[in-house]
Amino acid sequence: MAELKAFVCGHPIAHSRSPLIHSHWLKSYGIDGSYTAIDVAPTDFAAFLSGLAAAGLRGGNVTIPHKEAAFAAVQRRDEAAEQIGAVNTLWFEDGVLWGGNTDAYGFAANLDHFAPGWAKGDVAVVLGAGGASRAIIHALKQRGFNDIRIVNRTVARAEQLADQFGTGITAHPPAATPELLGDTSLLVNTTALGMHGNEGLPADPAGLPDHAIVTDIVYVPLETPLLTAAKSRGLKTVDGLGMLLHQAVPGFERWFGRRPEVTAELRNLIVANMDRKK
């Protein structure tokens, strides 16, 4: 049988850790396959997609800046992609190019792993209203949260999301955050605040109840200022690396026919790579 081939494409793409994740799984399961990073400029993206089958590619991942273009270009979309408005995973079914979004799955699976029972709460505060927050809101709605408060500097963007996702979702300015946190069971940061080179605290966890969980989708650094502040308060925290690892699972299964496991070994491999690149 011919080698099974998949990819990740973006522009730029050299920073992607997806090849490391999928190559680890291919080796672990003894699968004759490859997963490579391909830099595709926005002007070349349509041609790249139309040439997938001819290039022997079974599918792949799509990252910035192509997620919305992929959403528009595919022939069929899964429900998560429809709700989120972006595609990060491509595959063929009966010759038809499908697009899916696994970010919401990855977010929820990461919390399932490190904070079992996280979805028993019903109040969540989501910091930021960019593309990532759409996936988070979709996941929260799927898992039963009925009071989701979006905080964003540009309130109009948060209002757009609230309108799109419907009942139980409200939009707020950052000044309202302390008041919003009092009965919050889950605080999620989707902003770039806390990333290396963008140090800062997107919200002060001091106002959260003692049972609250705090998670940050930023994973460089692993412990962001928000997570450090939450830990010092004794709150349960979950870093963002697991979301990256778990969102890779459904794609791998589609392309290579085996559902992979997110193990401590894989996590340690990625952490070591992050440490080397500091």
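Strands S5 (residues 89-93) and S6 pair in the antiparallel sense, with 5 bridges between them, in what is a predicted model. The two strands form a hairpin with 2 residues between them. Within that turn, Asp94 has a positive phi of about 50°. At the pairing itself, Val96 of S6 has Glu93 standing opposite.

S6 also pairs with strand S4 (residues 76-77), and here the strands run parallel and are joined by 2 bridges. Arg76 has Trp98 as its bridge partner in S6. Strand S6 spans residues 96-100, and 4 of its 5 residues are buried, so the rest of the structure largely encloses it.

**Helix H1 and its surroundings**

Helix H1 covers residues 18-28, and its buried residues are Ser18, Pro19, Ile21, His22, His24, Trp25 and Leu26. In an α-helix there are 3.6 residues a turn, so residues three or four places apart point the same way. Against which elements do the buried residues of H1 pack? Their partners comprise three strands, S1 (4-10), S2 (33-39) and S3 (57-62), together with the helices H10 (241-247), H11 (249-256) and H12 (264-276). Just after H1, Gly30 adopts a positive phi of about 60°.

**Aromatic pairs**

The model contains 9 aromatic pairs. One of them joins Tyr35 and Trp255, whose ring centres are 5.9 Å apart with the planes at 40°, so this pair is tilted. Tyr35 belongs to strand S2 and Trp255 to helix H11, so the pair ties together parts that are 220 residues apart in sequence. Both Tyr35 and Trp255 are buried.

Trp118 and Phe145 form a stacked aromatic pair, 5.8 Å from centre to centre and with 20° between the planes. This pair links distant parts of the chain, 27 residues apart: Trp118 is in the loop between helix H5 (103-114) and strand S7 (123-127), while Phe145 is in the loop between helix H6 (131-142) and strand S8 (147-151). Trp118 is buried, since its relative accessible area of 2% lies under the 20% cut-off. Phe145 also counts as buried, because its relative accessibility is 5%.

The two pairs are set out below.

| Aromatic pair | Centre to centre | Angle between planes | Arrangement |
|---|---|---|---|
| Tyr35 and Trp255 | 5.9 Å | 40° | tilted |
| Trp118 and Phe145 | 5.8 Å | 20° | stacked |

Ring pairs also link Trp25, Tyr29, Tyr35, Phe252, Trp255 and Phe256 into a cluster. Among the members of this cluster, Trp25 is one of the buried residues of H1, and Tyr35 and Trp255 are buried as well.

**Charges over rings**

Aromatic rings also take part in contacts with arginine side chains. The charged end of Arg77 sits over the ring of Phe71, at 3.8 Å from the ring centre. For Arg254, the charged end sits over the ring of Trp91, again 3.8 Å from the centre.

**The surroundings of Val126**

Is Val126 buried or exposed? Val126, a residue of strand S7, has a relative accessibility of 0% and therefore counts as buried. Leaving aside residues up to four places away in sequence, Val126 touches Ser133, Ile136, Leu140, Ile148, Arg149, Ile150, Val151, Val188 and Thr190. Val126 and Ala171 are 45 residues apart along the chain, and their C-alpha atoms are separated by 9.7 Å.

Methods:
Residues are numbered from 1 along each chain as its sequence is written. This is a predicted model: local features need pLDDT of at least 70, side-chain atom pairs count only at pLDDT 80 or more; totals for chains, interfaces and linings use all residues. Side-chain values use heavy atoms; hydrogens and water are left out. Buried means under 20% relative accessible area, exposed over 50%, partly exposed in between (1.4 Å probe, protein chains only). Helices (H or I, at least four residues) and strands (E, at least two) are DSSP runs, numbered from the N terminus. Two strands pair if DSSP finds at least two bridges between them. Contact means heavy atoms within 4.5 Å. Rings of Phe, Tyr and Trp (its six-membered ring) pair if their centres lie within 6.5 Å; planes under 30 degrees apart count as stacked, over 60 as edge-to-face and the rest as tilted. A charge sits over a ring if NZ of Lys or CZ of Arg is within 6 Å of the ring centre and within 35 degrees of the ring normal.
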